[in-house]
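Open the model in your viewer and keep a selection tool at hand. The stops below run from confidence, through rings and charges, to a surface patch.

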Amino acid sequence: MRKDKEIMMEYKSGDINALEEIFQRYKRPMLNYAFKLLNNYADAEDVVGEVFYVLTAQKDAYQPQAKFSTWLYTIAHNLCIDRIRKNKKIFPLWFKKNKTDKDYEELDIPDTKFLPNTPAEEKDTSFFVKRSLEKLPLEQKEAIVLREYHGLNYEDIGKVLNCSLEKVKILIFRARERLRKELLPLMEELK
Amino acid sequence: MMFIHAKIKKLISAYLDGELKEKDKLLVENHLKECAECKKYYQELERVSFALIQDKGEDVSPDLEQRIRNNFLGDKYKREAKMKNKKLIIGISSGALAILLMFIFVGSMQGYLRKNVPRGLQFNSEQTGGQYSPGLTTQSQLGYSDNRESVSFSRAIPQTINGGRIGYTDEKSPWITAYTESAADYSTGGYPASKTIKIVSGNVKTIVDDQIITSQNEGPIVIVEPYLPATGQEEKIIRSADATIEVKDVAKAYDEVVKISTSKKGYLAMANFNQITGGKIVAQLVLRVPKSKFEETVDELRKLGEVKRFDLEGVDVSRQYNALVSELNTIKVVYDKIEQKLKEKKTDITGAMRLESELTPYAKSIEAIRNQLNQYDNLISLSTIKVNLEATSWKLLFQENLKDVQRRLAQILSGIVKGLINLLPLLLTLVCFTVVVAWIISIIKNALNKKSDK
């Protein structure tokens with residue numbers, strides 16, 4: 001398999017097919033990464049589109065000395081953070097609980113794709129994993145996602161998150177501690 | 001032991017990821033062989049890690065792929081990027097324009113301030129001399145006042161011949177009127193009423209109906225100096241001036257002064273150059289020019305630079321002069337008589353010497369009086385002008401201008417604040433309305449965006 005760096009340099013030289021190759025290689029990792037952070041499919045789709053747009057717009061900024069995947073994940077990370085900040089500014093919509101209720105209650109609208117629709121799903125470990133992951137603080141979640149789901153080493157994670165190696169170790173350690181405390185009792189129960 | 005457990009626990013996570021240095025890796029491995037608790041902890045973390053990676057994530061469906069392609073290949077982000085650039089350009093241009101306007105404002109204030117050369121002039125007028133010289137021994141002193149809005153006068157010009165009152169102008173009343181009064185009732189003699197007065201700024205005005213009116217915007221301050229007309233007797237007035245002028249180049253200004261004095265058939269009596277604190281060069285010059293060229297010289301000297309101070313003095317010494325002349329004449333009569341007697345009497349040497357010795361005091365007095373008269377003649381015929389030349393102190397100029405600019409800015413700001421206070425209720429209503437409208441628009445916009453993207 002060709003190296004990312006090689007393909008990117010071809011694209012920089014003007015080979016459009018190289019872009020297609022990059023897109024095929026990274027469309028899924030980018031989507032899953034964005035979704036894990038944003039917990040919203042619509043936002044994740046938008047961010048993935050923006051990631052590749054930025055790649056095309058700033059291809060000249062890529063330096064061959066840097067690892068391509070780290071560079072791309074850094075773009076995705078920054079765009080996700082922007083999206084999270086932007087979403088915080090939006091006022092939540094008020095919904096009626098039901099038609100007869102006079103009192104209004106604020107409801108957060110999660111992506112229903114990952115809510116347990118059936119009792120069987122409620123017994124599925126992955127549901128609890130996703131829920132536990134969602135509860136983690138953003139930085140810890142990012143670090144553990146990049147490590148477990150995308151296989152980045154600590155040094156690259158530090159570059160994406162713009163923090164030191166020591167901090168990355170602490171983030172991953174704490175994330176695993178929390179997940180262990182959350183998941184182990186549930187996993188025992190499911191056994 | 002507890003301490004080692006806590007340390008190893010922290011290392012196990014990194015050990016799991018293969019991120020430990022060789023030394024720590026060995027430490028953990030050895031400990032895990034011996035410690036069941038830590039080994040259990042390690043296994044738990046492995047299970048968590050295994051559970052996490054079971055979630056393979058979503059595949060990218062063809063529809064989704066197409067949507068993503070449309071996004072990054074389409075115009076959506078290009079438009080947003082262009083909009084961001086536009087906003088940046090507008091922001092930078094507005095900032096630059098604001099800075100430019102500020103410079104123009106400060107610059108125009110500087111120009112306005114510098115135009116007002118006779119700034120805050122003070123006029124002191126005192127009458128000296130006795131009944132014989134009404135308004136003749138006047139002393140004008142021009143000085144600066146910090147407060148340019150009003151000018152104080154110690155006293156108006158005495159209501160004598162050629163005198164009158166001086167008014168002062170400010171921004172509200174740019175005209176000045178001065179009056180002359182007839183000296184018909186002045187019993188001790190003197191000069192007839194003048195029909196012209198000379199304004200120190202260089203303009204000569206004619207009196208009309210006992211009033212003199214300057215033009216609008218002629219300057220905030222106009223100083224009126226009595227103009228002494230010709231009389232039946234020759235004037236015995238010692239004219240002098242003392243000026244301080246700020247110039248850009250002291251050496252050049254010195255050359256100019258020499259040229260002026262020479263062209264007026266006068267001479268430079270003294271020149272001193274000094275360097276004072278701060279490196280500023282000052283020159284002190286004394287010119288002597290014929291009395292008929294006095295005013296011309298003063299006018300030309302004013303053009304050298306910014307006049308800080310210009311004192312003009314005219315001391316009428318006619319009384320003293322005439323008194324000396326009378327005394328001289330009297331003594332001469334006595335001397336002549338004694339001399340005549342000496343010539344007529346045929347006496348011996350002793351007698352002649354005795355007579356001679358009687359003449360000596362008279363001769364000495366005559367000599368002394370003649371010397372005094374010569375001195376007076378010298379001072380009268382050649383006017384003395386002292387000129388202090390100072391290099392322009394830009395710092396001082398800047399500081400003075402800055403004070404005025406600050407004062408004006410403070411006035412403007414207080415005006416704005418007062419205006420804002422009056423408009424406060426209206427402004428608050430507008431702000432609340434704007435916030436509500438903006439909020440509604442943002443909600444609608446976000447809802448529409450999400451709809452169109454899907």
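What does the pLDDT of chain A average, and what share of the residues score at least 70? This is a predicted model, so colour by confidence before anything else. Chain A averages a pLDDT of 80, and 79% of its residues score at least 70.

Now select residues 91–116 of chain A. Here pLDDT stays under 50. The model has 30 contacts for this stretch beyond four places in sequence. Keep the low score in view when you look at those contacts.

**Aromatic pairs**

Show the aromatic side chains next. Across all chains, a search of the whole structure turns up 10 aromatic pairs. Select Phe23(A) and Phe52(A). Their ring centres are 5.0 Å apart and their planes meet at 75°, so this pair is edge-to-face; the angle is over the 60 degrees that the class requires. The pair links distant parts of the chain. Phe23(A) sits in helix 2 (residues 16–38) of chain A, and Phe52(A) in helix 3 (residues 41–57) of chain A, 29 residues apart. Both Phe23(A) and Phe52(A) are buried.

Move to Phe35(A) and Tyr41(A). The ring centres lie 5.4 Å apart with the planes at 85°, so Phe35(A) and Tyr41(A) are edge-to-face. Are these two residues buried or exposed? Phe35(A) has 8% relative accessibility and counts as buried. Tyr41(A) is buried with a relative accessible area of 15%. Each value is under the 20% limit for that label.

Then select Tyr26(A), Tyr62(A), Phe68(A) and Trp71(A) together. Ring pairs link these four residues into a cluster.

**A buried threonine**

Pick Thr70(A), in helix 4 (residues 68–89) of chain A. Its relative accessible area is 5%, so Thr70(A) is buried. Which residues does Thr70(A) touch, not counting those up to four places away in sequence? Select Asp156(A), Lys159(A) and Val160(A) to display them.

**Salt bridges**

Switch to charged side chains. The count comes to 27 salt bridges over all chains. Start with Glu6(A) and Arg2(A), whose side chains meet at 3.7 Å, N to O. Glu6(A) is partly exposed at 40% relative accessible area, and Arg2(A) is partly exposed at 29%. Widen the selection to Arg2(A), Asp4(A), Glu6(A), Glu10(A), Glu21(A) and Arg25(A): salt bridges link them in a network.

Go on to helix 9 (residues 165–190) of chain A, which holds both Glu177(A) and Lys181(A). They are four residues apart, about one turn of the helix. Their salt bridge has its closest N and O atoms 3.8 Å apart. Glu177(A) counts as buried at 16% relative accessibility, whereas Lys181(A) counts as exposed at 57%.

Cross to chain B and select Glu296(B) with Lys264(B). This salt bridge has its closest N and O atoms 3.3 Å apart. The pair links distant parts of the chain, 32 residues apart. Glu296(B) is in helix 7 (residues 294–302) of chain B, while Lys264(B) is in the loop between helix 6 (250–263) and strand 10 (267–275) of chain B. Glu296(B) is partly exposed at 37% relative accessible area, but Lys264(B) is buried at 7%.

**Last stop: a nonpolar patch**

Turn on the surface and select Leu413(B), in helix 10 (residues 394–453) of chain B. Leu413(B) is exposed, with a relative accessible area of 51%. Leu413(B) belongs to a nonpolar surface patch whose members include Leu409(B), Ile412(B), Ile416(B), Leu420(B) and Leu430(B). The whole patch has about 970 Å² of accessible area.

Conventions. Residues are numbered from 1 along each chain as its sequence is written. Chains are lettered from A and ligands numbered from 1 in the order in which they are written. Side-chain values use heavy atoms; hydrogens and water are left out. Patches are made of residues with over 30% relative accessible area and no salt bridge: like charges are joined within 9 Å, nonpolar side chains (Val, Leu, Ile, Met, Phe, Trp, Tyr) within 5 Å. Accessible areas come from the Shrake-Rupley method with a 1.4 Å probe; for residues, only the protein chains shown count as cover. A salt bridge is a side-chain nitrogen of Lys or Arg within 4 Å of a carboxyl oxygen of Asp or Glu. Helices (H or I, at least four residues) and strands (E, at least two) are DSSP runs, numbered from the N terminus. Buried means under 20% relative accessible area, exposed over 50%, partly exposed in between (1.4 Å probe, protein chains only). pLDDT is the predictor's confidence in each residue, from 0 to 100. Contact means heavy atoms within 4.5 Å. Rings of Phe, Tyr and Trp (its six-membered ring) pair if their centres lie within 6.5 Å; planes under 30 degrees apart count as stacked, over 60 as edge-to-face and the rest as tilted.
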